[in-house]
Amino acid sequence: MSEKKNKTYVVKRDVTSKKSSLDYSSVLNPQQYEVVMAGEGPLLVIAGAGSGKTHTIVYRLARLVDEGVPPSAILLATFTNKAAKEMLLRSSSLIKGDLRSVFGGTFHHIGNLILRQYAHLIGFDRNFSIMDREDSTDLIKDCIVQAKVNPKDKNFPKPNVIESILSFSADTEMEIANLICRDYPYLIENISVIKNIQELFKRRKKELNIMDFSDLLSNTSLLLEENEEVLEVFQNRFKYVLVDEYQDTNKIQARIIDLLSGKWKNLTVVGDDAQSIYSFRGAYFENIVTFPERYPGTKVFKLEENYRSTNPILELANASITNNTKQYPKELRSIKKEGELPVLALCQDVLQQSEFVAQKILELKDEGISLSDIAILYRAHYHSIELQMELTRRSIPFEIRSGLRFNESRHVKDVISFLRFVNCPTDELAWKRALNLLSGIGNTTATKIWDLVRNSDNPLQLDFVQENMTIPKRAKDSWKHFVELTALLQSQCNVSKGKSDNVGSPSEMISVVLSKFYRNYIELTFDNADSRIDDINQLSEFALNYNSVEDFLAELALMGTFGIENTEQENKFDEGESVILSTIHQSKGLEWKAVFVLWLTDSRFPSARSLGTEAGEEEERRLFYVSVTRAKDHLFLCQPMLETNMYKQSGFSRLSRFVKELPDSLYERWTLLDESSSDNSFANTNYESDNWTRPADPDDPDGFVYEFFDDKN
DNA sequence: AGAGTGGGCCTTTTT
DNA sequence: GGCCCACTCT
């Protein structure tokens, strides 16, 4: 790198063009510059945390377009759709160009776009529905009934277990038998039944014209492999392919990229093996490692200068990751110089942890740090409940980026099911969901109706149903309304295909479902009717961005964090400011001035469930690495000394091995100075001199032991 | 056949 | 402590 420093970098420009001049060398460091300016052929960029990876991709995109590559000839695969949008926006502002025709987004999004054009070639219709996990589980439940010899068998795994097996098998392309032998040995005798269920499940999805998340990938791969003409269309089109977060791609995603970039081989992949945290979803870390072998002539670049974090934070991160044996040695160098030592806050219990975080947030705010520059990260959603209560109590506004997604909540799925079956009348799941909402109709009647619907030529004009079966008396009224509503929605949906005004738009359809049917249902069913109605109105407003029902449904299904709940509190802070509560997984790629990591105890983080294997532990450590490298200036690690297990038993916690294994000099220990003082000031004290005794024996070979704990002691 | 009630069961992370 | 399932009542 040092020899490169002496080079002068000049942006090559066509003097005859009026295009914007970008002074690349002044905004990029030499390594970044190399990546941005690198020519054709395969490139592998190993980009450490905070090394300006996004910045580099943004400039590379801008340079390509600036030099005449048509945006539509570029494919950009990112980890979230939001990331793709942001990158394209930033790039286009650099060159005053329009990058909207770049083919970009998550792999699922890209697969969806391709399949909407060619699904008929692999036995689906273009208007296929996309189902989430819950839908999959429901469908699998049916398949189990279909396949199982004895439906009363208590020992047979539950539908959600089967769902996990099938989806993991799909994401990793691992044979069911191998997967079960490795991870579910107690199910070995069920292998053949489960394989049978897998077949039934595949068949049902095709019949119903529905794909699950994995299908969006594997069907895309299948389509491209089996249809040379289609493959050529895309291969010719994509002269440049960029993939971000390559360490978290799975085998199918890598294959899709191999196929799409196969003609020009101008493939740039960017990633960091130290931040691979999605193996549970099939991410295949070896993709990045073996890339140079698969692409002979690959130029490898490393971005190792960290612009984000202070030196002490980076030292802690570096020290942690060296405990992984399967890690490529790399050393992030800090550009920012000094800073405070990271803090380990030893809290008595979860309530004190919440108090500590809340109070420290207020102190940071006083120091001039905006609430939006503060994040609280944790391993699992439920780790943040007490903190949410504390923040609410203190009127500190926060935004939660974890937990149930908006599009997974029951009322949203209910309303959406109407649009789904109108758009795709073979969508059994949507029909049954909607039918079950009608009063007087349960599973049995719904199934009868569905049997008629599936065989009808015009299933949305439901008059034929009454001619072929008797609707139970108690359901007469609700059925009549449903028939009318369905006909109305169908006419709207048809209108929307030709027009661009609001009538018949997905937004309008949602409003119709709400006003003509669902509002009444909500009011009779839920105690928090108002907030659910608000959600539906919000959904309708969001749908204004779409003209076609099909596009809307697909985007909604693939949506990440839409509908983030903002706590509506008397806001004594600046407008719009709120701290972020997020799982570590969802914090990937983001940064904040101050970061709190909750629950650093062995069993919560690392999660007890992941500690069975060395690979599991190493992935947890990478997760820890991701969490600490989100912080720019302030890092607080929190350990409540008491922990409650799921049976409400309290016990002493053990400090997370990820902290314990670090040299003491890399962080400060803080404890509460004086419990009785009202201002609860935390300070840097000597751990040994505080008034708690270390409760659990740290060398206890049995690990964490829960004990009953008497409050009075 | 639907709707309402009590007993067992996990709780990691997500497109 | 919350969700799902099976069972019972209308």
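User: I am new to this structure. How many of the five residues of strand 1 (residues 43–47) are buried?

Analyst: Happy to help! Keep in mind that this is a predicted model. A residue counts as buried if 20 or more other C-beta atoms lie within 10 Å of its own. In strand 1, five of the five residues are buried, so this strand is largely enclosed by the rest of the structure.

User: Which residues point one way from strand 1, and which the other way?

Analyst: Leu43, Val45 and Ala47 point one way, while Leu44 and Ile46 point the other way. The residues on both sides are buried.

User: In which sense does strand 1 pair with strand 8, and in which sense with strand 7?

Analyst: Let's take the two partners in turn. With strand 8 (residues 299–303), strand 1 pairs in the parallel sense over five bridges. Here Ile46 has Lys302 as its bridge partner. With strand 7 (residues 267–271), the pairing of strand 1 is also parallel, over four bridges, and Val45 is bridged to Val270.

User: Now for helices. At what angle do helix 7 and helix 8 pack?

Analyst: An angle of 65 to 115 degrees counts as roughly perpendicular. Helix 7 (residues 133–147) and helix 8 (residues 159–172) pack at about 110 degrees, and their axes are 9 Å apart. That angle makes helix 7 roughly perpendicular to helix 8.

User: Which residues make that contact?

Analyst: From helix 7 come Arg133, Ser136, Thr137, Ile140, Lys141 and Ile144. Helix 8 contributes Pro159, Asn160, Ile162, Glu163 and Leu166. Sorted by class, the contact has five nonpolar, three polar and three charged residues.

User: Is Arg133 buried, exposed or partly exposed, and why?

Analyst: Count the neighbours again: Arg133, in helix 7, is partly exposed because 14 other C-beta atoms lie within 10 Å. Distance along the chain and distance in space can both be read here, too: Arg133 and Pro296 are 163 residues apart along the chain, and their C-alpha atoms are separated by 39 Å.

User: Which residues touch the most other members of the largest nonpolar core?

Analyst: The idea is to follow contacts between buried nonpolar residues. The largest nonpolar core has 182 residues, and Ala345, Ile376, Val415, Leu637 and Cys638 touch the most other members. Helix 24 (residues 506–525) supplies the largest share of this core, eight residues.

User: What does Ile376 touch, not counting residues up to four places away in sequence?

Analyst: With those sequence neighbours left out, Ile376 touches Val357, Ser384, Leu387, Val579, Leu581, Phe596 and Leu598.

User: Let's turn to the backbone. Which residues does a cis peptide bond join?

Analyst: For this, look at the omega angle. The cis bond joins Phe605 and Pro606, with omega at about 10 degrees. Pro606 sits in the loop between strand 15 (592–597) and helix 28 (614–628).

User: What is phi of Glu173, and what is phi of Ser395?

Analyst: Check the sign of phi and whether the residue is a glycine. Glu173 is not a glycine, yet its phi is positive, near 55 degrees. Ser395, also not a glycine, has a positive phi of about 55 degrees.

User: Where are these two residues, and are they exposed or partly exposed?

Analyst: Glu173 is in the loop between helix 8 and helix 9 (176–183). Glu173 has 15 C-beta neighbours inside 10 Å, so it counts as partly exposed. Ser395 lies in the loop between helix 18 (385–393) and strand 13 (398–401). With 12 C-beta neighbours inside 10 Å, Ser395 counts as exposed.

How values were computed. Residues are numbered from 1 along each chain as its sequence is written. Chains are lettered from A and ligands numbered from 1 in the order in which they are written. This is a predicted model: local features need pLDDT of at least 70, side-chain atom pairs count only at pLDDT 80 or more; totals for chains, interfaces and linings use all residues. Axes are lines fitted to C-alpha atoms, for helices over the stretch in contact, and angles run from 0 to 180 degrees between N-to-C directions. Angles under 35 degrees count as roughly parallel, over 145 as roughly antiparallel, 65 to 115 as roughly perpendicular and the rest as oblique. Two residues are in contact if their C-beta atoms, placed from the backbone, lie within 7 Å. Ala, Val, Leu, Ile, Met, Phe, Trp, Tyr, Cys and Pro count as nonpolar, Asp, Glu, Lys and Arg as charged, and the others, Gly among them, as polar. A nonpolar core is a set of buried Ala, Val, Leu, Ile, Met, Phe, Trp, Tyr and Cys residues joined through C-beta atoms within 7 Å. Two strands pair if DSSP finds at least two bridges between them.
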